[in-house]
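Trainee: Could you take me through the local backbone of this model, one spot at a time? I would like a close look at a loop to begin with, and then whatever helps me read the rest.

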Amino acid sequence: MNGTSINRRDFLRGNLQSKKNEQLLADSLAPYTKPLDKRTAAHLLRRLSFAPTQKQIELFIGKTAQEAVTILLGDPDNEYQPTTNPGWINSVTENPYGADIYTRLQIEGQWRSYHSDLQSWWIKLMIGENTPSVEKLVHFWSNHFTTEFSYDDAYIPPQILFRQLSMFRKHRLGNFKQFVEDVTLDTGMLIYLGGYLNTNRRPNENYARELMELYTTGIGHYTEGDVKEAARVLTGWKVARYNDEPARNGIYNSYFNPTDHDTEAKQFLGRSIPARDPAFNTEYLVKTEEIRQLLNILFDVRKVAISRFLSAKIYKYFFYSNPGYDATAFIQECGTYFVQQEFELYPLFHAMFSSEHFFSENIIGAQIKSPTELICGVSRILNKVVTQIPANLSAMDEILIDPPTVQGWEAHHRWITTKTFPNRVKFARDVITSFTDAELIAYVKSYPSYDDPIQLTKDIVELCFPVMPSQDLLQVYTKELLLQNQPDYEWAEMVKGTTAAARGIRALLNAIIKNPAFQLC
Amino acid sequence: MKRRTLLKAGALAGAAASFGSIPIFAQNPIHALGAAGIDNDAILIIIQMFGGNDGLNTIIPADNPEYVKIRPNISVRIDNPDTSKRPRRILNSDVYFHPSLINGVHRNGFLGLIEEGRLAVIQGTGYENPNLSHFRSTDIWLSGLNDSGPETRLNEGWIGRLFEQNYPDFPMIMPDHPLCLQLGGSLSMLLQSDKGDMGLAIGDVDQFVKEGSTDSDFPPMTGKSPFDDEYNYIRSIAKKGDIYNKVIEQAWAKGTNAPGIDYAIANGAKGSLVRQMGIISKLISGGLKTKVYLAQIGGFDTHVQQQDPANNGQHPALLNQLANAISLFMDDAIKQGFANRVVGLTVSEFGRRPYENGSNGTDHGTTSVQFAFGTRVQANVFGANPDFSDLDRNGDFAFDLTRNIDYRRLYSEIIQTWFGGSADDSKSILRERVVPLPYLQSPISSINDPILSFGNEGIRYSENLNAPNNGYLHFEASKDCMVTIRLYDALGAFAGSLLNAQLQSGRHAIPVDLSTYSSGMYICELSSGQYRHTTSIFVRK
């Protein structure tokens with residue numbers, strides 16, 4: 001176990017056994033060695049990006065998993081910040097609280113419209129992206145380091161949320177500890193979890209608790225006393241939100257206010273952070289000597305917990321949300337590797353996605369698509385612009401950067417309810433309905449197999465479903481839907497015209513999007 | 001002393017006991033079940049207050065000087081120069097309602113309700129070794145389980161398990177009406193079981209009726225891979241949605257709210273919870289046979305600017321909405337005639353720390369107050385008043401079973417008295433024996449077959465306010481039966497047995513002598529077989 005301490009619970013669970021077993025665990029992170037075929041290439045693309053196009057699959061066939069993952073992850077040091085941003089990101093915001101009600105509603109209304117705009121902009125970025133795949137990782141981090149646009153009775157200005165996404169993009173494959181440090185002092189996070197209210201006279205434990213419970217170790221690896229002490233370390237940070245607030249590091253950035261910082265000594269996880277001479281109570285020194293020390297202690301004392309907690313989080317988001325006991329050994333192996341790599345994210349992601357485990361039959365097709373994946377997938381598979389993105393996200397219970405709780409979305413079965421399932425089907429159906437007959441013909445002609453109705457059906461279904469349905473169902477799709485009960489040989493003629501062929505294509509697509517397999521990836 | 005002995009009576013239940021052993025072939029949750037169990041037409045409404053409601057500023061020990069001392073800025077003061085801002089005493093107790101539960105609320109809000117016998121106040125609810133995480137504590141409350149370490153995943157709600165036991169073939173065989181309905185959001189853990197969702201979540205009913213049907217019909221997968229499992233799960237949800245779409249459409253079209261009761265359903269102007277209660281009333285009125293409704297209201301995580309001395313702030317506004325939602329609903333239910341088979345219960349993951357914080361707010365705490373409402377509740381204040389001398393090392397109220405009420409006692413009362421389950425049913429759902437807190441009487445069903453009949457008056461204790469506390473209990477038995485009458489004190493602890501006898505059918509007047517009991521409120525429970533009926537009795541010396 002790489003020299004890390006063995007805790008009693010692991011021992012009791014029987015997770016640390018013979019050498020033979022350890023060998024098995026190591027194998028589970030071993031690379032997948034077969035060259036990618038159509039199915040495995042599509043699987044990788046579905047999970048590490050937002051739904052594959054035919055062209056992308058072609059590009060990946062024949063490559064090793066490691067080569068493909070290298071291409072998809074891109075350069076970890078390149079931030080790949082988008083070139084076209086919403087127009088309002090640098091606009092100054094007035095303080096709505098304390099203003100008259102009319103002004104307040106106007107400002108908040110503006111924010112809501114910016115937040116809608118931000119969601120549409122982000123989804124379009126996801127849809128437009130091929131390689132490298134950046135936004136899928138940003139989406140993951142946005143659900144890990146949760147921030148809610150609207151919480152309690154207040155809002156976080158979308159200008160700040162935009163900056164947070166840029167920060168996630170920057171760190172998406174960097175060092176996790178460094179990432180957590182930037183998150184700790186992130187303006188959006190300081191607002192959301194009350195960090196800006198946390199002072200030596202009035203400590204606020206909110207972020208200190210979530211830092212451990214939700215972002216690093218998971219629950220059960222700290223005491224209430226550790227929460228209190230961490231909160232003391234984190235005192236003194238302020239944010240510049242509004243044009244009437246001081247902005248020592250520029251608008252929308254955080255800064256340090258020495259008089260609010262608790263300079264006494266702190267005891268965290270059994271180690272101490274020394275008291276501070278008031279002469280050295282500065283932003284730079286508190287950040288580098290206290291915040292960094294707090295994280296050093298946390299990542300040292302709780303390295304095993306952190307490495308497993310994050311590995312499990314990645315597993316649940318990208319591999320399978322409901323892995324059960326089967327994945328424990330793999331997740332522990334990932335954790336061990338993550339510690340060995342000193343919490344560098346790139347090698348962890350690279351190893352996980354090129355592993356044999358990732359390409360196993362238990363993973364392929366098992367994941368329920370998030371609304372984001374569904375929306376991007378419909379657009380990319382059908383090669384069609386989608387509209388009313390914020391309304392559709394909301395109807396499917398995923399308002400981006402506004403999760404229901406600080407825990408983020410639970411995903412898995414929570415994505416599919418008697419409310420959201422009909423909305424998912426309706427969204428895809430509306431996109432199909434928006435095609436003209438001529439557009440539908442043009443769409444199938446993008447498949448090289450377009451004049452062979454049996455192969456064409458199979459190719460479309462293969463792009464839409466992660467696991468192929470029975471031959472019987474494929475036959476129904478071809479004969480009754482695509483061909484509308486006409487003989488096979490009529491198709492080549494039908495597809496030259498429009499009306500009859502379009503009716504068949506529309507019927508086929510409408511059946512595909514209703515099938516439960518379309519909700520899986 | 002072992003506190004848990006009060007709750008624990010033996011080992012964990014092995015195989016889950018079933019309410020009724022008759023297979024569910026009929027497709028109606030009310031008539032589908034066997035003679036025992038949830039075969040009544042009783043309905044439960046749970047109101048979940050997200051964020052941890054501040055019990056201390058809801059039901060207020062306003063006479064206690066410690067209260068104002070501990071909360072210099074956010075207390076609701078009895079000496080407020082503006083009398084309308086003062087808290088209001090509850091019945092003859094020494095605790096008070098926050099004025100926002102009364103002022104500006106339909107029919108005088110909670111004060112009106114408790115005076116008319118329609119509200120129970122249950123103080124000091126919580127659990128041992130309190131957890132101050134919203135999520136973990138919510139999971140503990142919704143699961144009804146508190147016997148597990150933090151690494152144990154809590155995935156099922158106690159309501160989910162209640163129905164899981166009654167529907168062994170769920171979801172392959174499902175009732176025609178949804179068992180549970182949640183207003184808005186994605187389905188709560190409360191309504192989930194290891195057989196999947198035991199209910200459905202609806203946002204906008206009109207939209208659900210219009211677009212909720214997907215016309216899906218796919219054969220299930222027969223394999224065992226995760227793909228097959230997930231496919232079958234999605235398929236079952238799609239199917240369920242299509243079936244329920246139709247019955248909800250019918251109930252929504254047929255149902256109504258009583259004249260003069262305006263919940264502002266269309267525009268939500270009176271708040272989301274008020275709107276949700278209006279929708280629930282309309283669906284019940286329209287004949288929907290759903291057993292459990294879940295309504296939700298957020299915003300109780302009042303770390304900042306909870307309230308000022310004039311009772312302005314987030315918390316008073318939330319209390320005001322809560323009281324209005326419940327008061328409107330009760331008036332509506334009584335006018336429409338279904339009040340006797342509906343009970344409501346509030347839950348919230350925890351209370352707040354007694355000490356206010358520096359932001360005119362309060363941080364996560366331990367115990368809190370909950371409410372039960374309906375014509376069949378015991379209108380009283382249960383549980384001891386907050387004890388400022390017994391704080392734990394965080395400065396929170398210490399949980400002490402001699403003073404506090406284990407939250408699961410609210411549930412065992414629902415399972416047994418409200419849904420007519422046995423103590424074994426309750427034990428298999430809550431995984432240990434939990435003594436019910438007697439805050440309810442059995443529902444008055446629209447289906448006839450109680451063994452004992454009391455008319456609409458309940459048990460009559462003829463001279464219940466007179467010294468020397470002698471009188472008669474009147475009731476009628478429709479056939480020969482064994483009848484037991486027991487007394488419990490305000491904390492639900494057994495206080496004495498008044499009768500345990502085989503009686504013949506007919507009218508009975510049982511003489512009762514309470515002169516040996518000390519002063520206070522008692523719950524008198526009359527039971528025969530599955531049937532339980534309770535009423536409150538005051539003993540005055």
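Mentor: Happy to! Leu91(B) is found in the loop that links β3 (88-89) to β4 (96-97) of chain B. Keep in mind as we go that this is a predicted model. The phi of Leu91(B) is positive, about 45°, although the residue is not a glycine. That deserves a second glance, because most residues other than glycine have a negative phi. As for its surroundings, Leu91(B) is partly exposed, with a relative accessible area of 35%.

Chain A offers a similar case to look at. Gln484(A), in the loop between α22 (471-482) and α23 (491-494) of chain A, has a positive phi near 50° and is not a glycine either. Gln484(A) is partly exposed, with a relative accessible area of 26%.

Another backbone feature sits in the loop between α6 (101-128) and α7 (135-144) of chain A, where you will find Pro132(A). The peptide bond joining Thr131(A) to Pro132(A) is cis, with omega about -5°. Most peptide bonds are trans.

Now back to chain B, for a strand. In β10 (residues 292-297), six of the six residues are buried. One side carries Val292(B), Leu294(B) and Gln296(B), the other Tyr293(B), Ala295(B) and Ile297(B), and both faces are covered. Strand β1 (residues 43-49) runs parallel to β10(B), joined by six bridges, and Ile45(B) has Tyr293(B) as its bridge partner. Strand β6 (residues 180-183) is also parallel to β10(B), through three bridges, with Gln182(B) opposite Leu294(B).

How values were computed
Residues are numbered from 1 along each chain as its sequence is written. Chains are lettered from A and ligands numbered from 1 in the order in which they are written. This is a predicted model: local features need pLDDT of at least 70, side-chain atom pairs count only at pLDDT 80 or more; totals for chains, interfaces and linings use all residues. Side-chain values use heavy atoms; hydrogens and water are left out. Buried means under 20% relative accessible area, exposed over 50%, partly exposed in between (1.4 Å probe, protein chains only). Helices (H or I, at least four residues) and strands (E, at least two) are DSSP runs, numbered from the N terminus. Two strands pair if DSSP finds at least two bridges between them.
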